[in-house]
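Subject: Structure handover and what was found in it

Dear colleague,

Please find the structure below, handed over for your own work. After it I set out what was found, one topic at a time.

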Amino acid sequence: MIVITAPTGQIGSRLLEILLADTRTGGEELRVVVRDPGKLPDAVRARVDVVTGSHGDAEVVDRAFAGADAVFWLVPSNSQAPSLHSLYSGFTGAAAKAFTTHGVGHVVGVSALGRGTPVAGRAGHVTASLAMDDLIAGTGVAYRALANPTFFDNLLWQAASIRDHGVFTETVTADRKAPRAATRDIAAAAADLLLDRSWTGTGEVPVLGPEDLSPNDLARIMSDVLGRPIRYERQPLDAFGTALVGRGLGDALTQGYLDMMRAKDDGLDDGVPRTPRTASPTSFRDWCEQVLKPAVQA
């Protein structure tokens with residue numbers, strides 16, 4: 001049995017699609033933990049066992065992990081979490097105990113790049129995510145942390161600005177190249193690990209995309225795909241923080257994002273070399289053609 005948390009999010013929903021379609025899944029029961037089962041497509045809900053509730057709740061994960069061989073773990077967003085520790089390790093605490101109680105063999109978690117870099121200890125959300133990885137690894141379960149860079153898919157939040165003004169913003173230097181990846185490749189990496197459980201111990205599985213890209217590179221490729229000029233505007237960190245507060249984020253999470261973005265500009269994502277094992281297949285151009293362009297034109 002494979003248990004999937006956060007099955008309605010960008011990564012979890014794609015992971016479910018892969019597992020339901022993959023011939024390797026034969027004989028595997030799929031169980032999902034979801035607050036609102038109505039958000040699952042009818043065709044999916046009919047083929048999986050559903051445990052309703054939050055996977056941060058001890059009673060819920062106790063039910064969900066009974067009989068589980070493998071778990072996909074993703075901490076959901078919570079704009080009002082009082083601290084980064086509570087958002088990541090605090091939320092994960094009940095699950096960590098349940099992994100041991102129910103003898104779960106393998107866990108695959110969504111985490112971030114940065115471990116071992118000079119800025120790993122002052123990278124906000126990433127620092128807290130790495131501490132969560134250590135918490136899970138400390139249970140003795142076989143654990144793989146998907147170590148991810150910035151997602152291509154984050155640009156979907158700016159689809160209206162790209163469409164209406166030809167502008168997207170980030171906080172990093174315009175010519176700073178760094179790895180970026182599509183969430184669908186992260187889901188595919190998770191599926192491979194969940195279905196081939198021959199691995200042991202703990203470690204990271206980086207998902208780096210096929211090439212390093214700067215914001216200027218993104219602007220050039222978006223311009224080509226969309227057939228109109230798209231430009232990058234660097235947003236000052238204080239303006240970024242003000243925007244986050246305006247979206248309802250609390251002080252702790254806002255500061256965590258500011259620290260993370262500052263660390264990214266200082267090389268947080270540069271610690272892992274790209275190899276055939278760490279690269280992922282979806283190019284930014286393909287993602288723009290298949291995902292961004294339809295969203296902008298909608």
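A helix here is a DSSP run of H or I with at least four residues, and helices are numbered from the N terminus. In that numbering D164 is found in helix α6, and please keep in mind throughout that the model is a predicted one. With a relative accessibility of 48%, D164 counts as partly exposed, because that class lies between the limits of 20% for buried and 50% for exposed. Its C-alpha is 29 Å in space from that of G250, a residue 86 places away in sequence.

A second residue that I looked at singly is E170, which lies in strand β8 (residues 167-170). E170 counts as buried, since its relative accessibility is 14% and the limit for that class is under 20%. Once its neighbours within four places in sequence are left aside, E170 is in contact with R180, P215, L218, Y232, E233, R234 and Q235.

Helix packing

Which helices cross at roughly 145°? They are α9 (residues 237-246) and α10 (residues 251-265), whose axes come within 9 Å, and their crossing is right-handed. On the α9 side the contact is made by L237, F240, G241, L244 and V245, while α10 contributes T254, Y257, L258, M261 and R262. Sorted by class, the residues of this contact of α9 with α10 are 7 nonpolar, 2 polar and 1 charged.

Aromatic pairs

A search of the whole structure gives 7 aromatic pairs. In one of them, F152 and W287, the ring centres are 5.9 Å apart and the planes stand at 50°, so this pair is classed as tilted. The pair links distant parts of the chain, given that F152 is in the loop between β7 (150-151) and α6 (159-165), whereas W287 is in helix α11 (residues 284-297), 135 residues apart. Are the two partners buried or exposed? F152 is buried, with a relative accessible area of 2%, and W287 is buried as well, with a relative accessible area of 1%.

W287 also pairs with F284, and here the ring centres are 5.9 Å apart with the planes at 20°, so the pair is stacked. Why does the angle of 20° make this pair stacked? The reason is that planes under 30 degrees apart count as stacked. Both F284 and W287 lie in helix α11, 3 residues apart, which is about one turn of the helix, and F284 counts as buried at 1% relative accessibility. Elsewhere, ring pairs link F65, W73, F91 and F99 into a cluster.

Salt bridges

How many salt bridges does the count come to? The count comes to 21, and I describe a few of them here.

The side chains of D42 and R45 meet in a salt bridge with an N to O distance of 2.6 Å. Both residues lie in helix α2 (residues 42-45), 3 residues apart, or about one turn of the helix. D42 is exposed, with a relative accessible area of 59%, whereas R45 is partly exposed, with a relative accessible area of 31%.

Another salt bridge joins the side chains of R274 and D212, at 2.8 Å from N to O. Because R274 lies in the loop between α10 and α11 and D212 lies in strand β11 (residues 212-213), this pair ties together parts that are 62 residues apart in sequence. Both partners fall in the partly exposed class, R274 at 29% relative accessibility and D212 at 31%.

Where the side chains of D269 and K264 meet, the salt bridge has an N to O distance of 2.7 Å. D269 is buried, with a relative accessible area of 5%, and K264 counts as buried too, at 10% relative accessibility.

Finally, R176, R234, D265 and D270 are linked in a network of salt bridges. One member of that network, R234, is also among the contacts of E170 described above.

With best wishes

Notes:
Residues numbered from 1 in each chain as written. Predicted model: local features only at pLDDT ≥ 70, side-chain atom pairs only at ≥ 80, totals over all residues. Heavy atoms only, no water. Axes fitted to C-alpha atoms, helices over the stretch in contact; angles between N-to-C directions. Helix = DSSP H or I, 4+ residues; strand = E, 2+ residues; numbered from the N terminus. Left-handed = near helix turned anticlockwise from the far one by under 90°. Contact = heavy atoms within 4.5 Å. Nonpolar A, V, L, I, M, F, W, Y, C, P; charged D, E, K, R; others polar. Phe/Tyr/Trp six-rings, centres within 6.5 Å; stacked < 30°, edge-to-face > 60°. Buried < 20%, exposed > 50% of the residue type's maximum accessible area, 1.4 Å probe, protein only. Salt bridge = Lys/Arg side-chain N within 4 Å of Asp/Glu carboxyl O.
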